[in-house]
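Colleague: Could you take a close look at the empty space in this protein for me, meaning its pockets and cavities? I'd also like to hear about the cysteines while you're at it.

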Amino acid sequence: MCGICFCLHTQLPPISIDYTPLNARGPDFQKKYGPIALATDLYVTFAVSVLSLRGFKQEQPFIDDNGNILLYNGEIYEAPFQIKADDNDGLLLSQHLKQCSTDLEICQLISQLEGCFAFIYYQKQNNCLYYGRDRLGRRSLMYSIINDNQSNLKMILSSVRLHQFSYTELESNILHKLSIKLPDNTFQIDTIPYMKHSIDRISTEPPNALITELENDAIFQNISTTFLNQLQTAVQRRISNLPSLCRQCKRSTNRILRPIDGCQHAKLAILFSGGIDSTVLTALADRILPINEPIDLLNVAFFSDVSAPPADRQTGLQALTELNPARQWNFVKIDIDLNELRYYRENIIKTVIYPCSTVLDDSIGSALWFAARGNGKLHSDNTSYESPAEVLLSGLGADEQLAGYSRHRTTFQTHGWKGLEDELDMEINRISKRNLGRDDRVISSLGKEVRFPFLDEQFVEYLYSIPIWYKTDLRLGRGIGEKYLLRYVACHYLSLLQSSKYPKRAIQFGSRIAKLENRKEKASDQCARLTTDTNNLHDED
């Protein structure tokens, strides 16, 4: 995980910018680079922070022999070039970008990458800046274009909000190009869509039978086993190359990530509600990591004067009983009261949630921040514990692809199978703006990296190819019909008999954060609690 940024400005030196929010994303290394003259009285200055997770100690930006500059945030799992376990994927990308001489070649290379990433690339020969996010937008990148003649700042592109300007989330799945217009030395931004992968859907007619009657069908059996294998591969891509040192031990050994003798602390944590999504990921992680590696299970709950634990605490502890007893599971009870919520929301959380601004963003963003922070008590002995893991797994993406939300039932009842299929396509197309940018900013502000196995490109493409009636059946009741394929795999292949039956419960309700302040708000309402101290004097172009 890294924080990346460029500032376009007209004077030397540019106005002072506080890079603290950017540096929080990358506690291992920070650097400013520049300014570089793009034209007369137009300069670019870069800033980067690095959380080293792959290879050995990493520094950025990457600058090749031709003077091209790459700032890179993310992980590449598949590429048109070989990536070995200890390779620095950002350095490899820099080397291959060097071989590209046209917009099309750069776009083709980026389009072939599979993984979670955002990047900024300055090509010296053409005097252009290229930047973008991965296809699904799993890493944050947002911009502000400043139309103020009194300011020497003209544009900021950053992983997180810097300075008190208004920002817009950058569209994903698009290559952006900033070039200089002559003779007036102004800049223009062009966009080039990434190359699309062709995915064919299996074409069949919807069956009259319920999905429960199709379980023994050869087609369903093949789908269920392929689904499991694809998801396990997605988890493996994200956890098979973890550092051998946890956060604390890494910092006490000059930040060398993979000494021969690693530490015995957790390097992986899972955002763990005990629901079907997080529990399946946990069971698959157990299959992949060596049995002597502990895993942190982060379970957040919000308390007021209600003594009974929230639903996610109850389901989390129940799911814990179904996991492999031979592994050390650190079930972390993260209990938050109203005063703590208000303090951290005001001082940190609302800044990193921005530009998202609804009541739902407040609830989900705050719950994720406290869960990812990992400060609580171990369930085993009630001792205080702070998770030292820098890599987190999230179950985001399962509901969007397998019809897990209550609104999907309404769509199915009104518009049938085709309407539901269209709704799920829309869910994936908008997930970068609705969820992913926000979740990345929230969790990365803690110097940790979140990974999303359900949003692995190959897994998403496989799910897309399956007829909707083999994935879900909303004619069946809650806790059965939604995400039916995932529930079947959990029950029959992973022995999660109880966890496979829990109905969907959104984090804001399962953790009880939505009830904590006892407000009669709609999720889509603008949230006054997220109002930032800005005059918003500058508008986007």
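Modeller: Let me fix one bit of vocabulary before we start: Ala, Val, Leu, Ile, Met, Phe, Trp, Tyr, Cys and Pro count as nonpolar, Asp, Glu, Lys and Arg as charged, and the others, Gly among them, as polar. Keep in mind, too, that this is a predicted model.

With that in hand, take the second largest pocket. Its lining has 10 charged residues, alongside eight nonpolar and six polar ones. The space inside comes to about 710 Å³. There are 24 lining residues, and those nearest the centre are Leu136, Ile199, Ile428, Asn429 and Val460. As for helices, α11 (406-444) and α12 (457-465) each supply at least two lining residues. Of the elements around this pocket, α11 gives the most, with eight residues.

Now for the closed spaces. Searching the whole structure turns up two cavities of 30 Å³ or more. The largest cavity has a volume of about 90 Å³. Its lining is made of 15 residues, and Cys2, Gln58, Gly74, Glu75 and Asp89 sit nearest its centre. Both β5 (69-78) and α2 (89-97) supply at least two residues to that lining, and β5 has the largest share, with four residues. Sorted by class, the lining of the largest cavity holds six nonpolar, six polar and three charged residues.

The second largest cavity has a volume of about 30 Å³. Around it you'll find Pro243, Leu245, Cys246, Arg247, Lys267, Pro388, Ala389 and Glu390. Five of its lining residues are nonpolar and three are charged, with no polar ones.

That brings us to your cysteines. A disulfide here needs two cysteine sulfur atoms within 2.5 Å, and by this rule the count is zero. Cysteine 128 is in no disulfide, and its nearest cysteine sulfur, that of cysteine 100, is 14 Å away. Cysteine 128 has a relative accessible area of 4%, so it is classed as buried. Cysteine 249 is in no disulfide either: the nearest cysteine sulfur belongs to cysteine 246 and is 3.8 Å away. Cysteine 249 also counts as buried, because its relative accessible area is 18% and the cut-off for buried is under 20%. Its neighbour in that sulfur pair, cysteine 246, is one of the residues lining the second largest cavity.

Key: Residues are numbered from 1 along each chain as its sequence is written. This is a predicted model: local features need pLDDT of at least 70, side-chain atom pairs count only at pLDDT 80 or more; totals for chains, interfaces and linings use all residues. Side-chain values use heavy atoms; hydrogens and water are left out. On a 1 Å grid over the protein atoms alone, a cavity is a set of points where a 1.4 Å probe fits but cannot get out, and a pocket is an open set with protein on both sides within 12 Å along at least five of seven lines; lining residues have an atom within 4 Å of a point. Grid points are joined across faces, edges and corners, and a volume is the space filled by probe spheres set on the points. Buried means under 20% relative accessible area, exposed over 50%, partly exposed in between (1.4 Å probe, protein chains only).
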